[in-house]
Amino acid sequence: MELLDIVDEKGLPTGEVIDRGIAHEKGILHRTSHVWFIRKRNTIEILLQKRSRNKDSWPGYYDISTAGHIPAGVGFEESAIRECREELGIDIQKEDLLYCGYRTVYYEEQFHGKPFIDNQYSNVYIVNKDPESFTLQKEEVEEVIWMDFEECKQGVLNNTFKNCIVYHELEIIEEGLKKYASIIR
């Protein structure tokens with residue numbers, strides 16, 4: 001059982017917890033951390049993960065570098081650091097997380113023949129790091145690829161590759177890239 005904090009519209013815990021499966025079955029608002037790895041080559045590149053085919057939502061689709069539900073009693077940054085380590089095998093520190101903003105998500109789908117209602121409050125971060133290697137958590141991540149940021153935006157906008165990336169989140173990342181331009185190398 002994976003317990004999540006139920007949160008209000010500002011992402012603040014209400015004091016109640018709920019099992020992750022029930023949260024998705026009933027569409028209860030909960031928190032996630034989204035971390036996008038970026039690197040600067042000739043252009044800005046962004047790391048995408050291909051979700052495992054066994055995931056409960058969007059199996060086999062390209063997605064955020066790493067993201068995860070925040071367990072009850074845990075904070076956004078602590079969860080983001082843990083997800084980077086678990087899913088990608090990359091150790092980062094709190095100061096590596098560059099906060100870009102937040103977004104809310106609400107959608108209803110069916111996966112593996114079951115209804116799935118996602119209702120999340122997500123903090124969005126970039127990490128300016130070019131890891132030399134990854135240790136992928138195979139239950140979560142099938143592969144990772146670097147993609148030119150502008151190409152990614154166009155691909156999501158025009159649906160030219162199999163992804164579950166929300167374009168608005170890329171706009172949040174773009175604002176973060178402007179905000180942190182002086183430290184992105």
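Where does leucine 3 have its place? I opened the notebook with that, and I found leucine 3 in strand 1, which covers residues 3–7. A reminder to myself before going on: this is a predicted model.

**Entry: leucine 3 and strand 1**

I looked up how covered leucine 3 is, and its relative accessible area came out at 37%. Buried needs under 20% and exposed needs over 50%, so leucine 3 is noted as partly exposed. Strand 1 as a whole reads as mostly covered, with four of its five residues buried.

I then asked what company leucine 3 keeps at the surface. Leucine 3 belongs to a nonpolar surface patch with Met1 and Val17. Together these residues have about 340 Å² of accessible area.

**Entry: the partner strand**

How do strand 1 and strand 2 pair, parallel or antiparallel? I noted the antiparallel sense, over four bridges, with strand 2 running through residues 13–19. Across from leucine 3, I found aspartate 19 of strand 2.

Next I followed the chain through the hairpin that these two strands make. Five residues sit between the strands, and glycine 11 in this hairpin has a positive phi near 80°.

**Entry: positive phi outside glycine**

Glycine 11 made me curious about other residue types. I looked up tryptophan 58, which is not a glycine, and its phi is positive too, near 50°. Tryptophan 58 has its place in the loop that links strand 4 (44–51) with strand 5 (62–63).

Asparagine 159 was my next stop: its phi is about 55°, again positive without being a glycine. I placed asparagine 159 in the loop between helix 3 (149–158) and helix 4 (167–179). Is asparagine 159 buried or exposed? Its relative accessibility is 59%, and the cut-off for exposed is over 50%, so I wrote it down as exposed.

**Entry: cysteines**

How many disulfides does the count come to? I got zero, taking sulfur pairs within 2.5 Å as the rule. For cysteine 84, the nearest cysteine sulfur belongs to cysteine 100 and is 13 Å away, so with a limit of 2.5 Å cysteine 84 is in no disulfide. Cysteine 84 is also buried, at 0% relative accessibility.

I checked cysteine 164 in the same spirit. The nearest cysteine sulfur to it is that of cysteine 152, at 11 Å, and cysteine 164 is in no disulfide either. Its relative accessible area is 17%, which is under the 20% cut-off, so cysteine 164 goes into my notes as buried.

Methods
Residues are numbered from 1 along each chain as its sequence is written. This is a predicted model: local features need pLDDT of at least 70, side-chain atom pairs count only at pLDDT 80 or more; totals for chains, interfaces and linings use all residues. Side-chain values use heavy atoms; hydrogens and water are left out. Patches are made of residues with over 30% relative accessible area and no salt bridge: like charges are joined within 9 Å, nonpolar side chains (Val, Leu, Ile, Met, Phe, Trp, Tyr) within 5 Å. Accessible areas come from the Shrake-Rupley method with a 1.4 Å probe; for residues, only the protein chains shown count as cover. A salt bridge is a side-chain nitrogen of Lys or Arg within 4 Å of a carboxyl oxygen of Asp or Glu. Buried means under 20% relative accessible area, exposed over 50%, partly exposed in between (1.4 Å probe, protein chains only). Two strands pair if DSSP finds at least two bridges between them.
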